[in-house]
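Open the model in your viewer and keep the selection box at hand. Each stop below says what to select and what is there.

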Amino acid sequence: MKRVSLALLFLLGIIHIATSRSVVQDTLVDFDDVEFTDGQDTAEATYMDVPDDVVFTDGQDTSEVVASAGHADASDQNPQTLWGIFIAGIIGGFAAFLMPCIYPMVPLTVSFFTKQSGTRARGIGNALLYGLFIIVIYVALGMLVTLVFGASALNEAASSAWFNLLFFVIIIIFAISFLGAFEITLPSRFVNKMDEKSNKGGLLGLFFMAFTLALVSFSCTGPIIGYLLVEAVSKGALLGPAMGMLGFSVALAIPFMLFAFFPSLLKEMPKSGGWLNTVKVSLGFLELALAFKFLSNVDLAYHWRILDREVFLSIWIVIFGLFGLYLLGKLKFSHDSDVPFLSIPRLFFAIAVLSFTVYMIPGLWGAPLKALSAWLPPSPTQDFNLHQARLAGATPQASAGIAKKYGDLFHAPHGIDAFYDYEQALEYSKQVGKPVLLDFTGWSCVNCRKMEESVWPDPQVLKLLKEEYILASLYVDDRTKLEPHEQYVSEFSGKQINTVGRKWSDLQQSRFGVNAQPYYVIVDSEGNQLVPAQAYNEDVSNYLNFLTSGLEAFRANRP
């Protein structure tokens, strides 16, 4: 029973991986500049101004989307982003409750409400106010981040290499803190002053009591709060920091209020002990692994080739391998207690972590690892890939004799013969008489990787992509500079278009009125859309029907 909390923590971490990243997308895209210059007739198109806080997010099923810029609605994606941040905040709040700086304070705090409030009704009222003040304090922190940085700065943080590198360093520091190297604390003089004011009684006393909890527990909650704020800022959503802190504070406040309502539950609480530090160190391992996703995003967008897929996997294999050894008691950190025996829950979670580690090992030779496809760098970044070689086969590419623009920077998965420039793909379509599948994607788009690893490898889908279509993969968050003569000012947004990613994001918004990735559009050799577009949907039969209908429409429209 005492280590049930450790199980809860690990499950919450897994849920965080499975939900927050699959709902929203980490993107490096710069959203301030977009324009369309594909030569199509746009006389009837109704353009809209691009909001300063527009964000690229992973698309959901948009089979009924009308391909008109006048129908674009960036706000449709925003609720998903905010919900993902809110859920991550709730997970972080429950994890923070299990920290050594908070968990032991529960009986003392609850006794204040049950014994010193006089009556049960007053005690419950004080507990509700205490929980409310916790929520107010943390939400105010989130709002402060938004007010200090502003919407434009949040977008810049989401798209800037320097910000993402800073996020990587910050989370690494937080992880090292959780592992026990040092503690991040606030000045004791400030904490003591707040504690003195909490003794005044009344509403003001309750407020400072909640504020003191936030200050005293900062050494444990600081890294969690920091990671949540970094995650929220990296999404570029204006209300992201506030939503993250709302979820965090609600999850943190609920247990205090619940135990105040039902004090008898305190007897069922596991006693404080060394297991609390185990929870803290476990979070440190998780944060250490998650930090490398930020570095990977920057590495991919700028083509540094530091964190290729096998390098990223090697780092994660080592981290989770050490995590498993720690749970088995083979590693010990400075604040850890002696483990005289291995408890059954700890054994089972060690088995889970080590099994996850073993699962990743075949990925070093190119195994798809579909469960992690949203997190890993794209498979074409891997130098030695047996799985890719099997899918590619020995058949030479039909366009092997063509010097593909940006072909040295981008590589399609599964041996698909792809182009990476819109105009060049249309020109080749005219030569071979095949429709073009526009794949608006991104280096940091988690759902793009899911589609590429879960849907595209299907034999029927892959056959159509290789034999019946011209694939044009257009990366909206790539930072490769355009040649000086290719740079222009967008007629759509009035902003400077000077990178490959901005050019394709400009095309997607101005032509199709959508800013979500992945986004798939089937066009003919003149760039005319043939069937309703598709976005993120892992239903293979749906995607197969989409490709089949596009092929039929193309053949029906041919003279």
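Is Trp365 buried, partly exposed or exposed? Select Trp365: this residue is partly exposed, with a relative accessible area of 45%. Buried would need a value under 20%, and exposed a value over 50%. Keep in mind throughout that this is a predicted model.

**Stop 1: the nonpolar patch**

Stay on Trp365. The residue sits in the loop between α12 (344-360) and α13 (386-392). Now add Val358, Ile361, Phe384 and Leu386 to the selection. Together with Trp365 they form a nonpolar patch on the surface. Show the surface here: the accessible area of the five together is about 500 Å².

**Stop 2: salt bridges**

How many salt bridges does the structure hold? There are eight. Side chains of opposite charge can pair when their charged atoms come close. Three of these pairs follow.

Select Asp417 and Lys404. They form a salt bridge, and their closest N and O atoms are 2.4 Å apart. Both residues lie in the loop between α13 and β2 (418-419), so the pair ties together parts that are 13 residues apart in sequence. Check the cover around each partner. Asp417 is buried, at 12% relative accessible area. Lys404 is buried as well, at 19%; the cut-off for buried is under 20%.

Next, select Arg449 and Glu452. This salt bridge has its closest N and O atoms 3.1 Å apart. Both residues lie in helix α15 (residues 446-454), three residues apart, or about one turn of the helix. An α-helix has 3.6 residues a turn, so residues three or four places apart point the same way. Arg449 is buried, with a relative accessibility of 3%. Glu452 is buried too, at 4%.

Widen the selection to the whole of α15. How many of its nine residues are buried? Eight are, so the helix counts as mostly covered. The buried residues are Val446, Asn447, Cys448, Arg449, Lys450, Met451, Glu452 and Glu453.

Move on to Glu467 and Lys463. The closest N and O atoms of this salt bridge are 2.9 Å apart. Both residues belong to helix α16, four residues apart, again about one turn of the helix. Are these two buried or partly exposed? Glu467 is partly exposed, at 41% relative accessible area. Lys463 is partly exposed, at 47%.

**Stop 3: a helix pair**

Keep α16 (residues 459-467) and add α18 (residues 540-557). The two helices pack with their axes 10 Å apart, at an angle of about 30°. Why do they count as roughly parallel? The angle is about 30°, and angles under 35 degrees count as roughly parallel, so α16 and α18 are described that way. The crossing of α16 past α18 is left-handed.

**Stop 4: two unusual backbone angles**

Go to the loop between α10 (274-301) and α11 (309-327), and select His303. Most residues other than glycine have a negative phi. His303 is not a glycine, yet its phi is positive, at about 55°. His303 is partly exposed, with 21% relative accessibility.

Stay in this loop and select Arg305, which also lies between α10 and α11. What is the phi of Arg305? The value is near 60°, positive in a residue other than glycine. Arg305 is partly exposed, with a relative accessible area of 42%.

**Stop 5: far in sequence**

Select Ala88 in helix α2 (residues 78-97). Ala88 is buried, at 8% relative accessibility. Now add Met243. Ala88 and Met243 are 155 residues apart in sequence, while their C-alpha atoms are 9.6 Å apart in space.

For the last selection, take Ser111 in helix α3 (residues 106-115). Ser111 is partly exposed, at 21% relative accessible area. Add Phe259 and draw a line between the two C-alpha atoms. The separation is 9.6 Å, for residues that are 148 apart along the chain.

Note on methods:
Residues numbered from 1 in each chain as written. Predicted model: local features only at pLDDT ≥ 70, side-chain atom pairs only at ≥ 80, totals over all residues. Heavy atoms only, no water. Patch = residues over 30% accessible without salt bridge, like charges linked within 9 Å, V, L, I, M, F, W, Y side chains within 5 Å. Areas by Shrake-Rupley, 256 points an atom, 1.4 Å probe, with all protein chains shown as cover. Salt bridge = Lys/Arg side-chain N within 4 Å of Asp/Glu carboxyl O. Buried < 20%, exposed > 50% of the residue type's maximum accessible area, 1.4 Å probe, protein only. Axes fitted to C-alpha atoms, helices over the stretch in contact; angles between N-to-C directions. Parallel < 35°, antiparallel > 145°, perpendicular 65-115°, else oblique. Left-handed = near helix turned anticlockwise from the far one by under 90°.
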